[in-house]
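Colleague: Please take a close look at one buried spot in this model and work outward from there, through what touches it and what surrounds it. I would like a connected account that I can follow with the structure open beside me.

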Amino acid sequence: MYLDLPLVFAAYRQWPKYQRFGCGLGVLLMCAALGLSSLATNTNHLIVTQGIFYALGGSIAYAPCILLMEEWFDRRKGLAFGVMWAGTGIGGVVLPIVMEQLLGRYGFRVTLRAFAVVLFILTAPLVYFVKPRLPIADNRPSPPPPNFRFMFTSTFALFEFCNTVEALGFFLPSIYLPTYAGMIGASTSLQALTVILFNLASVVGCVLMGAIIDKLDVTLCILVSTVGSSIGVFLIWGFSMSLAPLFVFSIVYGLFAGSYTSTWPGIMREVVRKKSSAESSMVFASLAAGRGVGNLVSGPLSEALIDGMPWKGDAGYGYGSGYGSLIAFTGVTGVVGGGSYIARRMKWL
């Protein structure tokens, strides 16, 4: 979903009249992919249905919402994006609870089919509201091909580098927190609670960051996200050997790290200011692709980091749990993700 956004954005940009149609088609593809995945008998089937076709449907359905934000919001664009991204956190609060109950009672096949039906019922009617602020004229000339020259500016390159490095570590806590909680004796429901708290805090973080990104310098907002998430990783997760501090970490990390993408409207504004030919929507798509690279690499990289449980018994607290290298890596990538603030102070931006 992250990696194909530049291509999807470029297609919608060339043929904007098909945005609502594409949104509806994407929803249908998502529902069909979920339904077909319920028939899976091996992991290859899941990779094709959920890993590829569900992701394609999601990006095709999601892209018009991002593009039309540009038309509907101007002065409070950051807040609008923050509220929209908060929806992801809300889904992350509700779905684990519902899915756990359904999976335990009915199994994965019935659960996936039911989720496909519910997704269609809840989402399909909303496609009607995905429309431009002003009607698109039939005789509207085709726009020129998208301009990606902004990608070669130092401003974008610095932001993109920090964004990609931050993504290398961002997804790791949400993947490993339940396992870590289980290691220290948490029940299955309490393991799930770590991710629920993370997503719940992300809702608040996204909205708050979206509100301040419209008013403050983007690098200062990124610094806030970086400092909060780094303190959470190094000082709270790193010293957590019981559930209470681990729950605190889930909240702190969700609040600060979860809000990182809400700084993107500020990055878009900064890149367009430095390169007037840049289109903010394509800047967004490029930032998403960079985050996708970080997401893709972080999976096998994290497995390598905990292979053989390094530091186990050689360090104290969480650092000596076997997950110490993972904790340190997450914290370091978060610090590097805030490098744009230093770049601003050094006048590189």
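**A buried serine and its surroundings**

Modeller: Ser298 counts as buried, because its relative accessibility is 2% and the limit for that word is under 20%. The model is a predicted one, and everything that follows should be read in that light. Ser298 belongs to helix α11, and its side chain comes to 2.8 Å from the backbone oxygen of Asn295. If residues up to four places away in sequence are set aside, Ser298 touches Ala167, Leu168, Phe171 and Leu172. Two of these neighbours lead further: Phe171 is a member of an aromatic cluster, and Leu172 is part of a nonpolar core.

The helix that carries Ser298 is a good place to turn to the nonpolar interior. The largest nonpolar core has 38 residues, and those touching the most other members are Phe9, Trp264, Ile267, Val283 and Phe284. Two or more residues of this core come from each of α1 (5-14), α3 (43-72), α4 (77-123), α5 (154-170), α7 (188-213), α8 (218-236), α10 (264-274) and α11 (280-306). Of these, α11 contributes the most, with 6 residues. Ile267 shows some of the packing in detail, since beyond its neighbours within four places in sequence Ile267 is in contact with Phe159, Val218, Ile222 and Leu287. Leu172, already met beside Ser298, sits in a second, separate core of 24 residues, which also includes Val233, Leu305 and Ile327.

Helix α8 supplies residues to this picture, with Val218, Ile222 and Val233 among its buried residues, as are Thr219, Cys221, Ser225, Thr226, Gly228, Ser229, Ser230, Gly232 and Ile236. These buried residues pack against α5, α7, α9 (243-256), α10, α12 and α13 (339-345). Its 19 residues should span 27 Å at 1.5 Å a residue, and the end C-alpha atoms are 26 Å apart, so the two values agree.

The other route out of Ser298 goes through Phe171 and the aromatic rings. There are 21 aromatic pairs in the structure. One of them joins Phe170 and Phe198, whose ring centres are 6.1 Å apart and whose planes meet at 50°, so this pair is tilted. Phe170 lies in helix α5 and Phe198 in helix α7, so that the pair links distant parts of the chain, 28 residues apart. Phe170 is buried at a relative accessible area of 10%, and Phe198 is buried at 6%. Another pair, Tyr180 with Tyr323, is edge-to-face, with 5.6 Å from centre to centre and 80° between the planes. Because Tyr180 is in helix α6 (residues 172-183) and Tyr323 is in the loop between α11 and α12 (324-337), this pair ties together parts that are 143 residues apart in sequence. Tyr180 is buried, with a relative accessible area of 0%, and Tyr323 is buried as well, at 7%. Phe170, Phe198, Tyr180 and Tyr323 belong with Phe171 to one aromatic cluster, which also contains Tyr2, Tyr176, Trp237, Phe249 and Tyr253.

Helix α11 has a further role in the packing, for α1, α2 (19-37), α4 and α11 are among the elements that cover the buried residues of α3. The buried residues of α3 include Gly57, Gly58, Ser59, Pro64 and Met69. This helix has 30 residues and extends 41 Å from its first C-alpha to its last, close to the 44 Å expected at 1.5 Å a residue, and it bends by about 30° at Tyr54. Where α3 starts, a side-chain oxygen of Asn42 comes within 3.0 Å of the backbone nitrogen of Asn44.

Thr41, in the loop between α2 and α3, offers a contrast to the serine where this account began: Thr41 is exposed, with a relative accessible area of 62%, whereas Ser298 is buried at 2%. Thr41 is 264 residues in sequence and 30 Å in space, C-alpha to C-alpha, from Leu305, a member of the second core.

Conventions:
Residues numbered from 1 in each chain as written. Predicted model: local features only at pLDDT ≥ 70, side-chain atom pairs only at ≥ 80, totals over all residues. Heavy atoms only, no water. Core = buried A, V, L, I, M, F, W, Y, C linked by side-chain atoms within 4.5 Å. Buried < 20%, exposed > 50% of the residue type's maximum accessible area, 1.4 Å probe, protein only. Helix = DSSP H or I, 4+ residues; strand = E, 2+ residues; numbered from the N terminus. Contact = heavy atoms within 4.5 Å. Expected span 1.5 Å × (residues − 1). Bend = angle between axes of the 7 residues up to and from the residue. Polar contact = N/O pair within 3.5 Å; in protein donor to acceptor, adjacent residues only side chain to side chain. Phe/Tyr/Trp six-rings, centres within 6.5 Å; stacked < 30°, edge-to-face > 60°.
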